[in-house]
Structures are given as structure tokens and as C-alpha cells.
Amino acid sequence: MPHILIVEDETIIRSALRRLLERNQYQVSEAGSVQEAQERFSIPTFDLIVSDLRLPGAPGTELIKLGQGTPVLIMTSYASLRSAVDSMKMGAVDYIAKPFDHDEMLQAVARILRDRQSASSAPAERPAGKAASDKPGVDNSNGEIGIIGSCPPMQDLYIKIRKVAPTDSNVLIQGESGTGKELVARALHNLSKRAKAPMISVNCAAIPESLIESELFGHEKGAFTGASAGRAGLVEAADGGTLFLDEIGELPLEAQARLLRVLQEGEIRRVGSVQSQKVDVRLIAATHRDLKSLAKIGQFREDLYYRLHVIALKLPALRERGADVNEIANAFLLRQSARVNRTDLTFAADAEQAIRHYSWPGNVRELENAVERAVILSESPQISAELLGIDIELSDLDDDDFIGLAPQQGGSNSSHEPTEDLSLEDYFQHFVLEHQDHMTETELARKLGVSRKCLWERRQRLGIPRRKTGVASES
């Protein structure tokens, strides 16, 4: 059982973090300061140290030296994020901004411990060309990529990642929310010549618009009310490494103009400064939005779009990945089973069918949550479809059916036409528009293999209004 040391001076946070880690099968010790940790424990004996950056007396970064190789995860408030990045340059393995949610902390801890275990394995014990990892979402045949999946779209993606990673070209990763765009960004960074430098991840949708320019580009003392000292931005912190901008479609136009200067000139200017400084940053951006369409209506800079669109990688939705979904579900099952100390859990046949046939609008993130829920609620070794908590009616499905790709008999031409070129959402929209004039909502839902509630939700998401006339207006 991994042994983790928490160093945090706020008792409430320290206790809550301890309970979280202990519930997930970690052995935990705690201290309120670096000095207390030194007095009570042999620091190098721990598997991981989770420490606040600002502590009474010595800062949390002192534990990097005292740990003698033990990985240190730094916690910090968002206002001190640049200081946390500096701590990574001093040797911290990663940082996490407070307030953090439980899943974010657990994922960071699990990743660091897995990396530590992999690094301690003798290279001779690993098959040539493979990275040792038991991380859910890692396909051993693509260990250096770090993503599960063997369907044709993913194989094509792996080839592109390996080709693009060694270059310094800007990359735009496109895909729906929850598909794993940050995993692709990390693979690009880890396989690049910048792998030993930091990769700074920024969610553009999570930073208030009034702060985004200061956060990204830094500011000088007195640049605005409350700017009592000059501070470096996250672009500057990524100098020599990779800057990953998630949800770049949410970036305000003024910040887009500043970012364009970084890409064109390789330099930044802090807010309130007249001086520019050079930076060497590779930009990887991600979005679930259509930036080209946004550019046409003036909501995204067209010149920035073309700068970003040097290399575009499309990450398929989970519903488009065929049997990959069951492989990913089984990886999540192993992970969640380990958390609750169970080794007997498997998916029942109806659960396997539900996983394969459900459209997963929330993609991999929704699948992971469904599996976690099922593991927690399961009282028998076999996990049933009901425990997954997804909205799917299996009674109308045959074993070989796939929701949205199984046209029903009766259409003049549609029942034997190939649908490989249609996504599931395209087919759903096409089917509803074609048949809603002569089918009730109940009939439409049954033909599509979903509940009426699910049909209504998809109408809302896709913007397909119900017809007010004919049979489709049933009450």
C-alpha cells in the first residue's frame, strides 16, 4: 500500500485530504509544517509527498530536497499558480491548484505513483519499444502514446501523433468534451524534444475574462488595481516547454491578439509593460467548438485560427470507436475495483451490451463515472446494466444491433445503404427528420432503441424541434 505524507498547515484541508486518500486505499501520515515533518518522519521513506506551497517557516519546496528523490506534489491557490510552476522547475513532480475536486487529486496521485513505479522498474524487464504502465487509458501496444484503443480512427491518430510530436509545429486538437484531448496533448509533449521542460495546461474557460490576459502574459506592478508586484504569466512559465490551451474557443478576442503575437514573433509583453521579451513555447490548443465557423462570424480571430491550424488532430467521439468502448470500460473496472479492494468484479452480458450500444454523449468521462458508480453499488461479482445508470432500453436490441446504426426494415432505400460515412449523431438527426411526420415520439424512440426521455434530450442537444402537426404531436 503506497505511503503518502501530507504537509498542510490548515487542519480542515489536511484532515479532508487524509480521509479522501485513506478511502482510496492509501496509507497516510500528516504534518503541519516542513519542520514538523522532519521531526516526526524519515521523509525519504514515503512514496509521495503532497504539500502546500506556503507553509509556516520553510516553504513546501524544501521537501523536494529533503525527500531525496521522493516525488513532491505541490498544492497552491490559483493566485499563486506561477509560483507552483517555479516549484516544478525546482524539482516538484507536478502541482494542483486549490480548490481542487476529489477526482482531480486522486488522478494526480495515481498518475505520479504509477510513474514512480514504472521509473523504478529495470529497463531490461520491459519489452523493447514499450512503456511499462498499468494506467487506465493506456494501451500497452501504444504505451508511449498513453491512450487505449485500436479502432482505425485511433490507429490513424497514433501515426499522426508520432509524426507531429518531434516537430515544433502548433497543433489544434479537435473533439467533443470528454474525449481525452489533454491525453493527446501530453503524448505530443512527452514524445517531443521538450519532454524534460514543463507542459503548462490552461483551461481558458475556467479563468475569468478580466484575469485571462494577466494570467497568460503576466503583469507589471501597478498595471491595474491590486497589482502590488510584477508577476510572470503562464506563457512565460512554459518557456522552453509546451503550453496547452484547452477550450481555446473561449479565449477573449483581446487575449487572442496577444497570443497571435506570441506565435508570430515569439515574444510576449506583460500587461502594463512597454518592454517585450522573447519566449520559446510550443503551442498545443484544444477545442470542442468549430473555430472556422466562429471565425466567420467574428467570434474568433481568423488569422489566429490559421496559425493554430498548422496541424489538426481529430479525436473521435467514443460512440464512433466501436469495440474500444468495452476495452476502455474494462480498464476503468480494474482501476475502480482496486480502489475498493475487490478483485472479483466483472461486467454481466447485459452490461457489456449496454456499454457497447449506448451513445455516451459525455464520452470517456461519462463512461468512467458510470463504471465508478457501478463498482460502488455492486453487491455481487457480476455488474448488471442497471448499475451503470445509463438511459438505454436493451429489450429492443439484438446482439448485433448498434444504436443509431441499425436502420429498421420498411424504408425504401435506407435499410441496406451503408452508413460508414455518417456519425451516430448525423444518423440520429437524419432518421428523426425523415420519420417524425408519420411516427409518434414513442415509435421514434423504439426504432432508435432509446427511451422517450433520451429522445427528448437528444432533440434539445441537436436542436431538432418537434413537429406540431400530424401524429408526432401525440400528448
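Biologist: How many salt bridges does the structure hold?

Modeller: The structure holds 22 salt bridges. Keep in mind that this is a predicted model.

Biologist: What makes R14 and E30 a salt bridge?

Modeller: The cut-off is 4 Å between a side-chain nitrogen of Lys or Arg and a carboxyl oxygen of Asp or Glu. For R14 and E30 the N to O value is 2.8 Å. That lies within 4 Å, so the pair counts as a salt bridge.

Biologist: Where do R14 and E30 sit in the chain?

Modeller: R14 is in helix α1, residues 11-23. E30 is in strand β2, residues 27-31. The two are 16 residues apart, and the pair links distant parts of the chain.

Biologist: Why is R14 called buried?

Modeller: Buried means under 20% relative accessible area. R14 has 13%, so R14 is buried. E30 has 16%, so E30 counts as buried too.

Biologist: Which residues are linked with R14 and E30 in a network of salt bridges?

Modeller: R18 and E22 are linked with R14 and E30 in that network.

Biologist: How do you know that E236 forms a salt bridge with R270?

Modeller: Their closest N and O atoms are 3.2 Å apart. The limit is 4 Å, so the pair qualifies. E236 belongs to helix α9, residues 234-237. R270 lies in the loop between β9 (267-268) and β10 (277-278). The two residues are 34 residues apart.

Biologist: Are E236 and R270 buried or exposed?

Modeller: E236 has 17% relative accessibility, and R270 has 16%. Both values are under 20%, so both residues count as buried.

Biologist: What makes K278 and E267 a salt bridge?

Modeller: The closest N and O atoms are 3.7 Å apart. That is within 4 Å, so K278 and E267 form a salt bridge. K278 lies in strand β10 and E267 in strand β9, so the pair ties together parts 11 residues apart in sequence.

Biologist: Why is K278 called exposed?

Modeller: Exposed means over 50% relative accessible area. K278 has 57%, so K278 is exposed. Its partner E267 has 14%, which is under 20%, so E267 is buried.

Biologist: Where does Q275 lie?

Modeller: Q275 lies in the loop between β9 and β10. Q275 has a relative accessible area of 58%, over the 50% cut-off, so Q275 is exposed. Leaving aside residues up to four places away in sequence, Q275 touches I268 and R269.

Biologist: Now the helices. Why are α13 and α14 called oblique to each other?

Modeller: Their axes cross at roughly 125 degrees. Roughly perpendicular covers 65 to 115 degrees, and roughly antiparallel starts over 145. The angle of roughly 125 fits neither class, so α13 and α14 are oblique.

Biologist: Which residues of α13 and α14 meet?

Modeller: V325, N326, A329 and N330 in α13 meet E352, I355 and R356 in α14. The two axes come within 8 Å. The crossing is right-handed.

Biologist: How many helices and strands are in the protein?

Modeller: There are 18 helices and 14 strands.

Biologist: What share of the protein counts as buried?

Modeller: Of the 475 residues, 50% count as buried. The accessible surface comes to about 22,900 Å², and 48% of that belongs to carbon and sulfur atoms.

Note on methods
Residues are numbered from 1 along each chain as its sequence is written. This is a predicted model: local features need pLDDT of at least 70, side-chain atom pairs count only at pLDDT 80 or more; totals for chains, interfaces and linings use all residues. Side-chain values use heavy atoms; hydrogens and water are left out. Helices (H or I, at least four residues) and strands (E, at least two) are DSSP runs, numbered from the N terminus. Buried means under 20% relative accessible area, exposed over 50%, partly exposed in between (1.4 Å probe, protein chains only). Accessible areas come from the Shrake-Rupley method with a 1.4 Å probe; for residues, only the protein chains shown count as cover. Axes are lines fitted to C-alpha atoms, for helices over the stretch in contact, and angles run from 0 to 180 degrees between N-to-C directions. Angles under 35 degrees count as roughly parallel, over 145 as roughly antiparallel, 65 to 115 as roughly perpendicular and the rest as oblique. A crossing is left-handed if the near helix is turned anticlockwise from the far one by less than a right angle, and right-handed if clockwise. Contact means heavy atoms within 4.5 Å.
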